[in-house]
Amino acid sequence: MSTLQAIAYKTVKKGPMKPVFCANVSLLRGVENDVFGRPSKRQVTVMSIEQWKTACQEINVNLDWLTRRANLLIDGHEFSAADVGKTISIGEHVSLVITGETDPCAKMEIAQPGLEQALSPHWRGGVTCKVVTEGLIQTEDPVVIE
């Protein structure tokens, strides 16, 4: 079974990621306080720790997951195109529908040379999601993808 390893948000565009132990996830705000949490196909971003580690190994550097600027970090699952349309259930209440791939952008290259290319194959950059059911999440919550 997968678990929620970490949660983060940013309050301003291009601002620093702020890690938290728990957060409310809502239909109108995504991960609470996140500047990009408004309702859209890209309301919440989720990344796999295994895929992040693979990308970092490819460029021979150990980077903090916050470098990727995703909202949620999970373990035990590697994302692919087959996941689009599936639901990510976190804890007892929160459900997210996977809407697509989080394409790595030039910000990744600025953060670390080679990172944008290392994140590009095999959905290593994670997935975009829309909130379906709101509630409180916290690290170590169980995660089910179906």
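The side chain of S2 reaches the backbone oxygen of D75 at 2.8 Å, and this is a good place to enter the structure, which is a predicted model. The side chain of S2 has another partner as well, since one of its polar atoms lies 3.3 Å from the backbone oxygen of G76. S2 itself is found in strand β1, which runs over residues 2-9. Is S2 buried or exposed? With a relative accessible area of 7%, S2 is buried, because a residue counts as buried when this value is under 20%. If the neighbours within four places in sequence are left aside, the residues in contact with S2 are D75, G76, H77, D141, P142 and V143, so that D75 and G76 appear both in this list and as owners of the backbone oxygens described above.

From the strand we can turn to a helix. Helix α1 spans residues 49-58, and its buried residues are Q51, W52, A55 and C56. These residues lie on the same side of α1, because they cover an arc of only 140 degrees around the axis. What do the buried residues of α1 pack against? They pack against strand β5, which covers residues 44-48, and against helix α3. Just after α1 comes N60, which takes a positive phi of about 55 degrees.

Helix α3, residues 115-119, also borders the next stop, for G114 has its place in the loop between α2, residues 106-111, and α3. G114 is partly exposed, with a relative accessible area of 21%, whereas S2, as we saw, is buried with 7%. When neighbours within four places in sequence are left aside, G114 is in contact with I59 and E109. G114 and E101 stand 13 residues apart in sequence, and from C-alpha to C-alpha they are 19 Å apart in space.

The last feature to look for is an open space rather than a residue. The largest pocket holds about 330 Å³ of space. Which residues are the closest to the centre of this pocket? Of the 18 residues that line it, the closest to the centre are K10, F36, R42, T45 and R69. If the lining of the largest pocket is divided by the character of its residues, eight are charged, six are polar and four are nonpolar. A reader who finds K10, F36, R42, T45 and R69 in the 3D view will therefore have the residues closest to the centre of the largest pocket in sight.

Note on methods: Residues numbered from 1 in each chain as written. Predicted model: local features only at pLDDT ≥ 70, side-chain atom pairs only at ≥ 80, totals over all residues. Heavy atoms only, no water. Helix = DSSP H or I, 4+ residues; strand = E, 2+ residues; numbered from the N terminus. Buried < 20%, exposed > 50% of the residue type's maximum accessible area, 1.4 Å probe, protein only. Polar contact = N/O pair within 3.5 Å; in protein donor to acceptor, adjacent residues only side chain to side chain. Contact = heavy atoms within 4.5 Å. Arc of directions from axis to C-beta. 1 Å grid on protein atoms, 1.4 Å probe; cavity = no way out; pocket = protein on both sides within 12 Å on 5 of 7 lines; lining within 4 Å. Points joined across faces, edges and corners; volume = space filled by probe spheres on them. Nonpolar A, V, L, I, M, F, W, Y, C, P; charged D, E, K, R; others polar.
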